[in-house]
Structures are given as C-alpha cells and as structure tokens.
4 protein chains.
Amino acid sequence: MVIIMEKDASEQQVEHIIERLDEQGFSIHRSTGVDHTLLGVIGDTSRLDIRDMKIMPGVADAYRISAPYKLVSREFNHADTIIKIKDVEIGGNEIVVMAGPCSVESREQTMIIAGHVAKAGAKILRGGAFKPRSSPYSFQGMGEAGLKILREAADKYNMLVITEVMDRDQLDLICEYTDILQVGARNMQNFTLLRNLGKVNKPVFLKRGISATIQEWLMSAEYIVSGGNRNVMMCERGIRTFETYTRNTFDISAIPVIKKLSHLPVLGDPSHATGIRDKVIPMARAAVAAGTDGIMVEVHHDPDHALSDGAQSLYPEQFDQLMDQIRIIAKAIGRKIAERTDS
Amino acid sequence: MVIIMEKDASEQQVEHIIERLDEQGFSIHRSTGVDHTLLGVIGDTSRLDIRDMKIMPGVADAYRISAPYKLVSREFNHADTIIKIKDVEIGGNEIVVMAGPCSVESREQTMIIAGHVAKAGAKILRGGAFKPRSSPYSFQGMGEAGLKILREAADKYNMLVITEVMDRDQLDLICEYTDILQVGARNMQNFTLLRNLGKVNKPVFLKRGISATIQEWLMSAEYIVSGGNRNVMMCERGIRTFETYTRNTFDISAIPVIKKLSHLPVLGDPSHATGIRDKVIPMARAAVAAGTDGIMVEVHHDPDHALSDGAQSLYPEQFDQLMDQIRIIAKAIGRKIAERTDS
Amino acid sequence: MVIIMEKDASEQQVEHIIERLDEQGFSIHRSTGVDHTLLGVIGDTSRLDIRDMKIMPGVADAYRISAPYKLVSREFNHADTIIKIKDVEIGGNEIVVMAGPCSVESREQTMIIAGHVAKAGAKILRGGAFKPRSSPYSFQGMGEAGLKILREAADKYNMLVITEVMDRDQLDLICEYTDILQVGARNMQNFTLLRNLGKVNKPVFLKRGISATIQEWLMSAEYIVSGGNRNVMMCERGIRTFETYTRNTFDISAIPVIKKLSHLPVLGDPSHATGIRDKVIPMARAAVAAGTDGIMVEVHHDPDHALSDGAQSLYPEQFDQLMDQIRIIAKAIGRKIAERTDS
Amino acid sequence: MVIIMEKDASEQQVEHIIERLDEQGFSIHRSTGVDHTLLGVIGDTSRLDIRDMKIMPGVADAYRISAPYKLVSREFNHADTIIKIKDVEIGGNEIVVMAGPCSVESREQTMIIAGHVAKAGAKILRGGAFKPRSSPYSFQGMGEAGLKILREAADKYNMLVITEVMDRDQLDLICEYTDILQVGARNMQNFTLLRNLGKVNKPVFLKRGISATIQEWLMSAEYIVSGGNRNVMMCERGIRTFETYTRNTFDISAIPVIKKLSHLPVLGDPSHATGIRDKVIPMARAAVAAGTDGIMVEVHHDPDHALSDGAQSLYPEQFDQLMDQIRIIAKAIGRKIAERTDS
C-alpha cells in the first residue's frame with residue numbers, strides 16, 4: 001500500500017500514521033518528494049481497510065499495490081490451472097461445452113436433452129435440481145430426485161454432471177451425484193457456503209455475481225482456494241447495467257481480464273447473460289472468439305413447456321449449428337472444441 | 001398480464017397462445033383492435049415467466065398488470081404495518097434510530113458506545129457478531145461471545161438489539177440474544193435463509209441487495225411474509241452505480257417508492273451507503289427529510305482502531321449533533337424522533 | 001502521479017520510463033522500497049494519460065496524486081464561491097429556489113406560474129425555450145418568443161431568469177434575455193459550447209451528465225472557468241443506474257462531495273432526478289437536508305396539459321407546501337431559504 | 001399505447017382519460033376485462049409522454065406497443081440497408097475494417113500507419129482532426145491541417161476517410177475532406193448536430209452514447225434519417241457500468257439486438273470499449289463472431305509517443321494478426337472480410 005500525504009501535511013500527521021501502522025506490525029518506507037511525502041506500507045496489507053487510511057488527517061490518497069487476492073493470482077502461479085475430471089480437462093487448450101436444461105423436470109425430458117447434446121459434442125451435462133427463484137411462488141426444483149436423473153442421464157451418455165448448490169446443508173447430498181459444484185450468481189458472496197466448498201473434494205464452478213467487480217469475484221474464489229480446494233473455475237454470466245433489452249449485459253471482456261489476472265480457467269454462460277434465445281448463439285460464438293475455456297448453454301427439446309428459463313433455451317438443432325460454428329472459431333485462435341472420444 | 005400481438009400476427013398464432021395458456025389454467029380475454037390484438041391473461045400470472053410470452057411467434061410484447069409480490073403490497077394491506085417490540089414501534093409516526101459499532105470487538109468497546117448512543121437517543125443497539133467479509137483474511141466477528149456482549153449492553157441501557165444473521169444454521173443461536181434479525185445486502189437473495197426467517201418469531205430487517213431492483217427487494221420480503229412472518233422492515237443501504245467516489249450510491253428515492261408500493265416500514269443506512277464518515281451526517285439528514293421510518297448509523301468511540309468499517313463510523317459527538325439536527329427535520333414533516341422514555 | 005513498478009521489474013524498465021517522462025519535461029523522484037520501486041512524477045501531469053503509464057513494461061500500477069481539475073478545486077480556492085446576480089446570492093448561507101414550467105408554452109401559462117412561484121418564495125424563474133428532446137417528433141420549444149415571455153414574467157415578479165442553451169449559436173440571443181445560462185445534462189461534455197461559455201459574462205448552471213462521474217463533471221466546469229468565466233454553479237439532476245422505477249437515481253451524496261472537492265455552489269434538481277411528481281417533494285427536502293445551495297423545481301398550474309414533463313411538475317399548492325417544509329429543514333443546519341425582500 | 005386501469009378505477013376516471021386523449025386527436029379502443037379495463041390508444045403516440053399517462057388517476061400502468069422510432073425500424077424496412085461509398089459496401093455480406101491512429105499527429109505518422117493498415121486489409125482510414133477531450137488542457141487535434149493529411153493518406157492507399165465532427169459549424173469544412181462523418185459518443189444526443197447531419201449528403205457513423213439505451217441510440221439515428229439522410233450506421237463502443245477494470249463495458253449483445261430492431265448496419269469499436277491494447281484483439285474477434293458489419297480499430301506504429309489513446313492502439317503487427325484471425329471467424333458465420341481489390 002502506498003499512502004500519499006497532502007502537500008501541506010504536517011510532520012506530526014505523518015508520524016501519527018507511521019505509529020498507527022507500526023502498532024499493527026507493518027514496516028513503513030518513507031519517501032519525501034518535492035510536493036508530497038509518500039509512505040510505502042510493507043507487510044500483509046490485505047487485512048487493512050484502505051478507507052481507514054484515506055480519511056486519516058493529512059492523507060491525500062492511498063492505493064493498494066498488491067491485489068487483495070493471492071492464491072488465485074497469476075503472480076502466485078504463472079501456469080494455467082488445468083482441472084482434470086475423468087477424461088475432461090478444463091483450462092487447457094481444448095474448449096469445453098456444458099449443455100442441458102435449465103431445470104431437471106422429468107426423467108424423460110432429461111434423457112432426451114442429454115442424448116441430443118452429447119451427440120452434438122457436449123461433454124458435461126448441466127441441469128438444476130435445486131433452483132434459486134426470485135419468487136416464492138415459482139417452481140423450486142425436483143431436489144434429490146432430479147439429482148438421480150441427472151446422474152443417470154450423464155452416465156448413459158458418458159458425460160460429467162454439473163449442478164448448483166445453494167446452501168452448505170445440500171453439499172453432502174449433491175456431492176454424491178455431481179462431478180462439478182456450481183455456485184450461482186446470487187451466492188457468489190455467500191461466505192459460509194464458500195468456506196465449506198474449500199473443504200470439498202470436487203471442482204467448483206463459480207458464477208460471477210450480477211454486480212460483482214472482477215476483484216470481488218476473484219476474492220470469492222480466494223475463499224475457496226484458501227480453504228484447500230484449488231479446483232475453481234470462473235464463469236462470466238452477465239452483469240446488471242442500465243440496459244434492459246437483454247436480461248443482463250454479457251461482459252465478455254471479463255474473459256481476457258481474468259486470464260491475465262488469474263491462473264484459473266474462465267468460462268462463459270451466454271444463456272443467462274442474454275436471457276433471449278436468438279441472442280444466445282451470437283454471444284456464445286463471441287465468448288469463444290474472446291478466448292473462453294468453455295461455455296455453458298441451456299438447451300431444451302420443448303422450451304415452450306419448460307418449467308424455467310424456456311425463453312433462453314436453444315432448440316436442439318440450434319445447438320448443433322452453434323457447435324459447428326464454434327469449431328471453426330476455435331481454430332482461428334489455435335484452439336479446438338473438446339470432442340467425445342467415443343463418438 | 002397483457003399480451004400484445006404484432007400487427008401482422010396470424011389467427012393461428014393467436015390461437016396457439018390461447019391454447020398454451022389455457023393448458024396452464026388461465027382464462028383469456030381477447031380484444032381485437034384496429035392494429036393489434038390484445039390478450040388479457042386472467043389467473044395467477046406470478047408463476048408465468050414473461051419472457052416466455054415475449055418470444056412466442058406473433059407476439060409484439062407482453063406486460064404484467066399485477067406486481068409479482070402480493071402480501072407485501074400496499075394493495076393487499078392499505079394501512080402501514082407497525083412493528084411493535086417492547087416499547088418501540090417501527091413504522092408509525094415516530095422515527096427510530098439504531099446505532100452502535102460495526103462489529104462487536106470487546107465488552108469494553110461495546111459498553112462505551114452503547115452508553116453514548118443511548119444517552120443521545122438511540123433506542124436500538126446495532127453490532128455485528130458474525131461478519132460477512134469479502135476477504136477470507138479479514139476479521140470475521142466474535143461469534144457467540146459478541147452476541148452476549150451486545151445483549152448485556154442493550155439491557156443495561158434499556159435498548160433493543162439488532163444483529164446480522166448470515167446463515168440459517170446461526171438462526172437459533174442468534175434468536176436467543178437479539179430482538180431484530182438483520183439480513184445483509186449480500187444475503188437478500190439467499191432464499192434458504194429467507195424461507196427460514198418466515199418461520200421465526202422475530203422481526204426481520206431486510207437490507208436491499210447492492211444491485212437489487214425495488215421489485216426484487218420486495219419479492220425477497222414476500223418470501224419471508226409468505227412463510228408466516230409479517231414483521232419485515234426494509235432498509236435502503238446504497239446501490240452499486242458507476243460513481244465510485246462514495247462506496248455506494250444512496251438511493252434515497254427508494255424510501256418514498258417503497259412507502260407507495262408496500263405497507264412495510266422502510267429505513268435507511270447512510271453509513272454503508274456512503275462509506276465515508278463526513279458524508280454520513282448529511283445523508284442521514286436527507287433520509288429523514290425523505291420520510292424514512294428510521295436510520296441505522298455506525299458509531300465508534302475510537303474509529304481509528306475499529307476492526308471493521310472505522311472509516312464510516314461517526315464519532316460520538318458527531319452522533320449527538322446528528323440527533324439534534326434530525327429532531328428539527330422530523331418536525332418539518334409532522335413526525336418526531338422516538339425518544340427514550342426513561343431519559 | 002505515482003508509478004509503482006512490479007516486484008520483478010528490471011533496472012532497464014525503470015530507466016525506460018524515466019527517460020520517456022524526462023523527454024516530456026517531467027522530473028522524476030525515484031524511491032526504492034523492499035518490494036517495489038516507486039516513481040514520483042513531478043510537473044503538470046494533467047496532460048499525461050494515466051493508461052499510457054499503466055501499460056508500460058514493468059509497471060504494476062499508476063495513480064494520480066493531484067486531481068486533473070485545478071481552478072475549480074477547493075485546494076485552489078478555499079473560500080466558497082458566491083455568485084451575485086442583482087439581489088440574489090448563490091453559494092452563500094441562503095438557499096435559493098428556482099421554479100417554473102418545464103417549457104414556456106404561452107404567455108398566459110408562464111405568467112400564471114411565475115406569479116404563483118414568486119409569491120411562494122422562488123427568486124429565480126426557470127423555463128425552457130429551446131428544448132433538447134430525445135424524439136425528433138416531440139415539441140422543441142417556442143424559441144425566441146419563449147425567451148421574451150420568460151423575461152417579461154420574471155421582470156413583472158422581480159425574479160431572475162434561468163434558461164437552457166443547447167448550442168453556441170444560440171448564445172448571443174439567449175444572453176439578451178436570461179440572467180443565468182443553463183447547460184443540460186446531454187451537453188455537459190459539449191466542449192465547443194463549454195469553451196464558448198468561458199467567454200461569456202453570465203453565470204452558468206452546469207447540470208451533471210446522466211452518466212458523468214463527479215470528476216468528469218468538475219472537468220467540464222474547469223473548461224468554463226479556465227476560459228475566464230468563474231461564475232459556475234453545479235447541479236445534480238440524477239444519474240442513470242439499473243433502477244428504473246424512478247427516471248434517474250438522484251445522487252444526493254454528490255452534494256456534500258462537490259462541497260468538499262470544489263468551492264463552487266452546488267444545487268439539486270429533484271424534478272428531473274425522479275421524473276414522478278409525488279417523489280419530487282421528498283427528494284427536494286432531502287437535497288436541502290444534505291446541504292444544497294439551491295433547488296430547481298418544475299411547477300405547472302395545469303400539468304395534465306403541459307407540453308413536456310407534466311408528470312414531474314408540481315401543482316402550485318404542492319410547491320407552497322414544499323416551501324414551508326424546507327424553511328424548517330434549512331434551520332436544522334443553520335441556513336435559511338432566500339426570501340424576496342419585497343414580499 | 002395500452003393503458004391499464006386499476007382494479008377499482010371509477011367510470012369517471014376512465015372517461016377523463018378518454019376525453020383527454022380525444023382532445024389530442026387519438027382514437028380509443030376500450031376493452032373491459034374481469035379485473036381491469038384496458039384502453040388501446042390509436043394514432044401517432046410517439047408524441048405522448050408515457051409518464052403523463054401513468055400518473056393519471058385510476059391508471060395502473062401504461063405501455064407503448066410501437067417503438068418511438070419508425071424510419072430506422074426493421075418493421076419499416078425489412079431489408080438491410082447497404083451503404084455504398086465508392087467501392088465499399090457497409091451492411092452487406094462483407095465485414096469492413098476501419099483502422100488508423102486515434103489522432104492525426106503529423107503527415108509522417110499518418111502516412112506510415114495508413115500504409116500499414118491498407119496493406120493488412122483495412123479499407124477505411126480513421127483519424128481525428130478535431131478531438132473531444134475531457135480536459136481543457138489536453139491535445140485538441142490538428143484541425144484542418146489534419147483533415148488534409150488524412151485525405152492525402154487515404155487517397156495514396158486507395159482508402160476511404162472517416163473522421164469525427166463535433167459541431168455543426170465544422171460540418172462544411174469536414175465534408176470537403178471526409179467520406180464518412182463520425183459522431184462521437186458524447187454527441188449522440190447533440191440534437192442540433194443531428195438535425196444538421198440529416199441534411200448532409202454523406203453517410204454518418206453514429207456512436208452509441210456511453211449511457212444510452214438501445215432505444216435512445218435508435219432515436220438519435222431517427223433524427224438523422226427523418227431529416228433526409230438515410231445512410232446511417234450504428235457503432236457500439238462500450239457503455240459505462242460499475243466495472244472499472246476496462247475503460248467501458250463492450251456491450252457486444254447490442255450487435256444482434258440492433259440487427260433485429262433496425263435495418264441499419266451496426267459496427268463495433270473495441271478500442272474505445274476496452275481502452276487497453278491487449279483486450280482489443282479478443283474483443284474485436286468477439287464482435288465479428290457476434291455478427292458485426294465492421295470494426296473500427298486504433299493502430300499506431302509508435303503508441304508510446306501517441307498524443308492520445310496510445311494505451312489502446314494496436315501495434316501494426318498486432319493488427320496483422322487480428323486480420324488473419326477474423327478472416328477465419330467470418331467464415332464460421334458465412335461472411336467474409338472486405339478485401340482491397342487492388343492488393
């Protein structure tokens with residue numbers, strides 16, 4: 001941290017700050033310039049609240065030199081983290097596609113969709129069994145029955161399962177059935193849940209909060225990694241802005257930004273980002289062009305009758321077309337879409 | 001819900017929509033205008049996803065007539081909800097002041113601050129024992145020891161206690177010590193927690209999420225009320241915008257908006273909204289002038305050494321000054337600040 | 001400006017930066033810490049693009065020490081700027097009220113409204129003759145005829161005139177009739193206009209752009225003041241956020257923020273900020289409570305038939321009530337509402 | 001427009017609204033449902049302020065059926081507008097690349113860059129001669145001398161010129177030298193300028209305002225088209241959000257949205273959207289993948305010494321690499337990059 005004193009700060013003010021930081025175990029490197037005195041604070045400043053420094057008498061401003069996250073930073077680990085689950089690698093050269101219905105609604109529905117997306121090339125089956133809904137009157141998911149269906153469908157088509165965990169009390173149950181634990185946007189700062197995910201032996205797929213800065217999002221990943229679970233992947237899924245034509249604004253630039261700041265894989269979810277079926281395909285292509293390590297897409301064979309998010313689910317034939325297009329786009333940047341080896 | 005068909009929508013498209021809604025148990029009122037056919041959907045449309053309607057072939061647009069919340073709406077209950085806890089009423093003519101430290105740090109600290117704010121006129125003591133922190137490396141609160149201190153301090157000075165619950169697992173413990181359960185901004189859409197709060201016999205203080213629309217915020221209140229707990233109060237605490245000079249942007253207009261849409265009490269928290277001590281006082285005054293039912297303010301006798309949020313905590317003498325000013329402002333709108341009867 | 005080098009920056013990288021800044025006439029103060037080398041850049045860094053520094057090889061980050069604005073800063077001029085126009089002072093202890101219709105629609109309409117607001121205590125008459133409208137098909141204002149009506153009405157009731165200038169070509173004409181030149185939110189960064197306002201001998205009322213940061217807003221004031229016109233007053237009028245219930249979000253905290261950063265007067269416009277009549281009164285009160293130097297309010301005797309912004313115009317009797325309330329609120333902070341001496 | 005009455009609206013309230021709309025020349029189609037009375041307003045409602053309807057007594061809500069823009073809407077003109085300038089077509093199957101320096105700084109600089117980008121495939125040379133700068137102390141452009149250099153460079157390399165016009169007074173001068181008139185984000189609602197552009201015989205490149213909704217952006221295009229100039233192309237260049245890591249947030253989803261709502265071409269400017277050189281390439285690729293009709297990219301042979309926006313300018317070899325990548329991506333969606341026929 002660097003603290004910049006005001007032009008007319010008194011010697012007493014400078015010393016008061018040095019004393020206070022010294023009390024807390026920091027070393028201070030003082031540098032007296034023509035106009036301003038600078039104080040470099042040495043030590044683990046991640047536990048300092050920068051606002052406390054900014055309002056001290058005589059202080060003009062204060063800045064962090066180091067990011068508040070450590071273990072997830074590119075500086076900490078220069079090489080990309082590659083998460084291996086069975087025959088799938090996330091974060092390497094291959095781009096992974098996760099697809100499936102928004103909610104598991106029935107065995108039949110899930111089997112049909114899983115069969116289709118597997119054939120088209122998806123390696124991971126998504127589907128919600130516990131659904132966070134903004135209305136208490138909406139469909140809340142099938143619960144454990146849904147988890148069983150997901151597992152059965154994925155096994156049949158040689159896929160992995162990803163599903164959302166909303167609460168630490170669900171963690172043990174969900175871990176029995178899933179390969180990847182999804183944390184939804186609304187839980188990105190559910191710190192109790194994050195801490196528990198740090199102790200679990202399953203990879204975590206951490207969606208960005210709807211109004212989370214990139215730094216806050218990385219701090220939430222830091223919670224999980226600092227708890228002992230290094231297999232975290234980040235997922236951009238749209239942020240809230242003033243524009244309401246789309247459900248959210250898909251911040252695709254977050255993909256190269258995360259790639260620069262962190263060694264963790266970063267994926268994109270164009271379905272939730274746009275909320276409109278005919279915008280999902282161009283945005284999925286854009287995410288791949290921007291360098292994502294994977295995409296998560298909602299697909300439904302009968303979206304008119306979907307119990308949730310039908311409006312943003314692709315028809316199976318649209319999903320096929322998308323797969324064909326991103327296979328070409330991946331080549332443009334020297335990558336490829338992960339393909340099922342048995343097909 | 002009203003569905004507006006495109007100018008050139010076919011009869012078949014209109015009938016397809018009617019059929020589909022009929023399947024789901026809705027009645028349709030069809031009206032054929034010069035340019036557009038309108039379909040009025042009759043029944044409980046809160047379970048319909050409006051986007052599903054908007055993307056159906058032939059549909060130009062669709063709108064909700066009724067708000068998706070019911071029990072918390074002004075339409076449902078014309079009279080203001082007044083929450084009575086011991087000798088305090090929230091939501092009536094008197095404006096209630098909640099004050100105290102951000103975190104309970106020690107018995108001594110809490111006693112000093114509680115004594116001061118009680119004397120100045122605060123009727124409710126705030127203080128965090130479990131702290132949601134964006135960094136895993138920051139102070140996380142004293143836990144149960146903190147709750148005990150809060151209770152002791154409040155009892156000594158004849159105050160109520162309000163403290164934050166982050167997780168349903170903490171609920172039983174916290175209920176032993178507190179009078180009001182605070183839900184923080186990050187948990188406004190922790191639906192598991194909200195559902196559990198619906199079954200508790202304590203009033204809930206529901207902070208607005210940092211990027212929650214007013215409608216989403218009311219929907220979260222609906223979760224609690226629909227579970228059986230009618231004593232919910234809303235707290236505006238700043239929203240995230242592009243402006244970064246203040247920590248958040250205090251959306252004071254939300255106060256009269258909630259008053260119009262809902263019968264629930266609405267309060268303001270200028271400390272979190274601004275994050276800067278010298279902005280807390282003018283914003284607290286503004287909230288009172290705008291018609292809030294109460295304010296929550298952080299106060300610390302030694303903010304330089306506070307373990308959290310020192311930068312936004314008022315000095316005790318600033319708090320005294322604020323109380324004097326809002327006593328006058330309350331009069332301008334025919335209200336008064338709730339005063340302790342024993343003092 | 002302070003440049004912070006990366007931990008592992010090479011000596012060559014440091015020297016490259018020093019050389020480049022030296023070329024541009026800056027002196028460099030180098031300070032070698034334990035982890036990081038810091039470079040303090042001395043000279044007029046307002047012409048440096050900070051992003052250029054941030055992306056140089058070996059640079060971890062760069063920060064401005066000084067604000068990019070100078071003449072409008074509190075540092076440049078500790079005392080409040082008080083703008084005197086005839087018998088009115090803006091920026092002193094008295095709070096000034098500007099009121100009138102959104103648009104001048106007819107002589108009769110303007111006379112009725114002016115008479116009413118003058119009697120209630122407004123000292124400045126507002127009204128648009130040239131209207132910036134987002135649709136080319138909307139009413140665009142009466143032009144010069146409107147200016148004449150405004151002047152006549154103000155003179156009759158011993159008021160000042162404030163009206164909007166959209167374009168430098170209108171400047172000479174408008175200056176013949178008005179006392180204060182209003183710059184609308186959409187023109188806050190019309191730099192050609194700002195430069196011309198710097199040469200005019202009339203005070204300028206500079207509205208904040210709908211998505212302008214406080215710093216950008218002050219930079220626009222700097223354009224005018226650096227051109228030679230020191231009589232600039234700032235007007236907060238709502239910013240664009242994700243919340244759509246109100247037309248904009250009234251950022252009342254900008255009032256104390258501007259007061260701290262600048263010596264210029266700062267006013268508030270609750271009519272445009274909220275866009276809804278019944279929210280204008282509480283927000284006007286809140287602005288006064290927060291320390292504004294004045295408010296601008298739209299009033300119409302027959303808002304149902306207003307040609308623009310009827311929905312946010314107060315009825316005359318609402319305006320009377322507001323005046324009564326803010327007279328009390330002003331007292332709470334040791335100020336008073338400016339009153340007409342002849343009434 | 002559809003007006004929805006409250007459940008308990010009185011017959012008198014309904015009639016009052018009908019009368020008032022009748023006065024203004026609208027026909028009303030009344031439909032009485034079980035719960036709500038609906039009023040369909042027939043006529044040119046683009047001149048009605050929807051807020052006026054919403055606040056009338058007895059009204060629950062009001063919605064526009066038709067967009068307020070007409071001439072630029074897809075409904076008005078189903079076929080894509082293709083703008084032909086010499087041998088270049090914008091809006092057809094080929095994707096056009098515009099490249100060049102942020103500002104024209106000297107003849108030598110412009111010639112070097114133009115030669116490079118022409119060779120790599122750009123068909124249009126960009127460069128600013130009049131620069132809108134947020135600081136009055138920054139470089140403001142070379143003016144007419146810059147225009148001459150741009151023209152000379154473009155002619156030498158068989159390119160078109162695009163350059164920014166800030167003010168209607170510059171229009172005649174700039175038209176002498178340029179092929180396309182660029183309107184910057186800050187002038188998107190400079191209505192005086194827009195009206196004058198409607199009378200000019202040159203295509204207009206209309207950048208989206210930093211906080212403009214898609215509808216406002218289309219309304220600004222409507223200003224130009226309704227004035228008589230049908231050759232307008234839209235350019236997404238990033239919107240302001242809470243995320244500050246990038247300069248703006250590149251709203252790539254606006255590309256397919258504009259394509260759906262309007263027949264006008266839509267382009268993307270990843271340089272201003274991100275503000276950071278190493279984010280420009282992935283975002284340019286993403287825009288092409290999303291279906292843009294063209295991209296505008298800043299290139300500089302010596303960005304370290306650029307007088308403006310050096311931080312976001314590509315090195316020439318980066319531009320070459322980008323061209324190679326987007327040639328492949330265009331194929332994925334059945335399009336191609338426009339190539340110079342002489343090369």
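Asn158(B) is partly exposed because 14 other C-beta atoms lie within 10 Å; on this scale a residue is buried with 20 or more other C-beta atoms within 10 Å of its own, exposed with 12 or fewer, and partly exposed in between, the C-beta atoms being placed from the backbone. You'll find Asn158(B) in the loop between helix H4 (144–156) and strand S9 (160–164) of chain B. Helices (H or I, at least four residues) and strands (E, at least two) are DSSP runs, numbered from the N terminus.

A quick word on the model: it is a predicted one, where local features need pLDDT of at least 70, side-chain atom pairs count only at pLDDT 80 or more, and totals for chains, interfaces and linings use all residues. Residues are numbered from 1 along each chain as its sequence is written, while chains are lettered from A and ligands numbered from 1 in the order in which they are written.

Now to the backbone angles. Most residues other than glycine have a negative phi. Here are some positive ones:

| Residue | Phi | Where |
|---|---|---|
| Asn158(B) | near 60° | loop between H4 and S9 of chain B |
| Lys86(B) | near 50° | loop between S5 (83–85) and S6 (88–90) of chain B |
| Asn158(D) | near 60° | follows H4(D) |
| Gly334(A) | near 75° | follows H11(A) |

Lys86(B) counts as exposed because it has 10 C-beta neighbours inside 10 Å.

On to helix H4 of chain D, residues 144–156. The expected span of a helix is 1.5 Å times one less than its number of residues. For the 13 residues of H4(D) that gives 18 Å, and the end C-alpha atoms sit 19 Å apart, which agrees. Its buried residues are Gly146(D), Leu147(D), Ile149(D), Leu150(D), Ala153(D) and Ala154(D). They cover an arc of only 165° around the axis, so they are on the same side of H4(D); the arc is that of the directions from the helix axis to the C-beta atoms. These buried residues pack against helix H3 (107–120), strand S8 (124–126), strand S9 (160–164) and helix H5 (171–177) of chain D.

Helix H11 of chain A (residues 316–332) passes the span check too: its 17 residues should span 24 Å, and its end C-alpha atoms are 25 Å apart. Buried residues in H11(A) include Phe319(A), Leu322(A), Met323(A) and Ile326(A).

Finally, the chain A and chain C pair: 19 residues of chain A are in contact with 19 residues of chain C, contact being C-beta atoms, placed from the backbone, within 7 Å. On the chain A side, strands S1 (2–5), S2 (27–32), S3 (37–42) and S4 (59–63) each supply at least two residues.

Conventions
Contact = placed C-beta atoms within 7 Å.
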